[in-house]
Amino acid sequence: MSTKRCYYETLEVERNADENKLKSAFRKLAMKWHPDRNPGDAQSEIKFKEINEAYEVLKDGDKRAAYDRFGHAAFEQGGGGHGFGTGFASSFSDIFEDLFGMASQRSRGGRERGADLRYNMEISLEEAFQGKTAQIEIPVSVTCEACSGIGAKAGTKPKACGMCGGMGRVRQAQGFFTLERTCPTCQGRGQTIEDACPSCTGTGRVTRERTLSVNIPQGVEDGTRIRLAGEGEAGLRGGPPGDLYIFLSLASHEFFQRDGADLHCRVPISMVNAALGGEIEVPTIDKGKTKVKIPSGTQTGRRFRIASKGMPVLRSRQTGDMYVQVMVETPQNLTKKQQELLTEFEKLSSGATQPEAAGFFAKVKDFFGTRAST
């Protein structure tokens, strides 16, 4: 009697599971127990073999019917079971990309997707506020016109690789495993070129200067990435091009500091303006002006909010606010007359005109008086 575990239990599916559920379960478990993801774990290798064996049987309609009727006995004593043999490559190939998180950039015929390119662009805060269309020039690989990207000299064509028969990969059986690797002769291209194109030396692409138009939307922030699909490096031998990524950085501004969609501006005001109150006029990012009312007795650091005068929010109709922070400036380089007036003002001042200072020094006196008495 067979001691093997039920194939349905191995794949963790019900007996009525359809093809899609089988395949989904197989991918999930294969990724979990693949030996490359569990190095040095002998148990994971055993589990992986069991999972593959179960899937090889259940994905085949005839084998599944035989298994449902006779169980493991259907494939024992010469019944056709092959465990982890030649079916490995076919069942495993469809999950290869899921396991390793990548897709091969090389296709049959030697075509390879071109590399993605990066372009760094600095813009001003005003340009981020308004949005703009910029023209950039970049050196980029484009498809060779002389050979139309195939890499072969005009009048000739690439030939199928004799080693792999044009597949780009070769297989080799090693015990239970059937290993597949890149063809060493054509390096996975599936083709060989006897007479290379003199313009591109067989690569199918040449370097040219290109002028591109980049649309920068309103509200972009520092570090925003803009993708231009298909504007990257041309693919090898007619392969699809990569993408171009524009990375934006914002130059520092003489008046404003940005915090998300809000803008902050520090404005110096005179001591008299802070004491008596009044109005100041400050610039806005849209190149306009706005007035801010300063109440009498305003202290350094006080902030005033101006609604909807900040930056637009990217891909939204919302707008941030502008915050004006005043800094009271102490007079410098006073004339003798100004010094006399300030001295007279100091004599006339009381705790009511400078409550914070009066309160602080009163506490200081109490502190030292208490300390002296103890």
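These are my notebook entries on two sheets, a helix pair and a pocket in this structure. I am working from a predicted model, so I keep that in mind throughout.

**Entry 1: the helix pair**

I began with helix α2 (residues 19–33) and helix α3 (residues 42–58), whose axes come within 9 Å. I then looked up the crossing angle, which is roughly 165°. Angles over 145 degrees count as roughly antiparallel, so α2 and α3 are roughly antiparallel to each other. I also noted the handedness: α2 passes α3 in a left-handed crossing.

**Entry 2: the sheet of three strands**

Next I turned to an open sheet with the strand order β1-β9-β8 and mixed pairing. Which strands sit at the edges? I found β1 (117–123) and β8 (225–228) there, each pairing on one side only. On average, neighbouring strands of this sheet are turned by 25° against each other, direction ignored.

I then followed β1 across to strand β9 (residues 244–250). The two run parallel, and seven bridges join them. To have one pair to find on screen, I picked R118, which stands opposite Y245 in β9.

**Entry 3: the sheet of four strands**

My next stop was another open sheet, made of four strands in the order β10-β11-β15-β14. Its pairing is mixed. The edge strands here are β10 (256–259) and β14 (303–306), and each has a partner on one side only. For the twist I wrote down an average turn of 30° between neighbouring strands, with direction ignored.

I looked more closely at β10 and strand β11 (residues 262–270). They pair in the antiparallel sense over four bridges. What is the bridge partner of Q257 in β11? I traced it to H264. Further along, I saw D259 standing opposite D262 in β11.

How many residues lie between β10 and β11 in their hairpin? I counted two. One thing to check in the turn is G260, which has a positive phi of about 65°.

**Entry 4: the second largest pocket**

Last, I looked up the second largest pocket, which holds about 720 Å³ of space. I found 21 residues lining this pocket, and those closest to its centre are M271, A275, Q299, T353 and Q354.

Which helix or strand gives the most to the lining? My note says α8, with five residues. At least two lining residues each come from α8 (271–276), β15 (322–329), α9 (336–348) and α10 (355–373). I was pleased to meet β15 again here, as it is part of the order β10-β11-β15-β14 from my previous entry.

I finished by sorting the lining by residue type: 11 residues are nonpolar, seven are polar and three are charged.

Methods. Residues are numbered from 1 along each chain as its sequence is written. This is a predicted model: local features need pLDDT of at least 70, side-chain atom pairs count only at pLDDT 80 or more; totals for chains, interfaces and linings use all residues. Side-chain values use heavy atoms; hydrogens and water are left out. On a 1 Å grid over the protein atoms alone, a cavity is a set of points where a 1.4 Å probe fits but cannot get out, and a pocket is an open set with protein on both sides within 12 Å along at least five of seven lines; lining residues have an atom within 4 Å of a point. Grid points are joined across faces, edges and corners, and a volume is the space filled by probe spheres set on the points. Ala, Val, Leu, Ile, Met, Phe, Trp, Tyr, Cys and Pro count as nonpolar, Asp, Glu, Lys and Arg as charged, and the others, Gly among them, as polar. Two strands pair if DSSP finds at least two bridges between them. Axes are lines fitted to C-alpha atoms, for helices over the stretch in contact, and angles run from 0 to 180 degrees between N-to-C directions. Angles under 35 degrees count as roughly parallel, over 145 as roughly antiparallel, 65 to 115 as roughly perpendicular and the rest as oblique. A crossing is left-handed if the near helix is turned anticlockwise from the far one by less than a right angle, and right-handed if clockwise.
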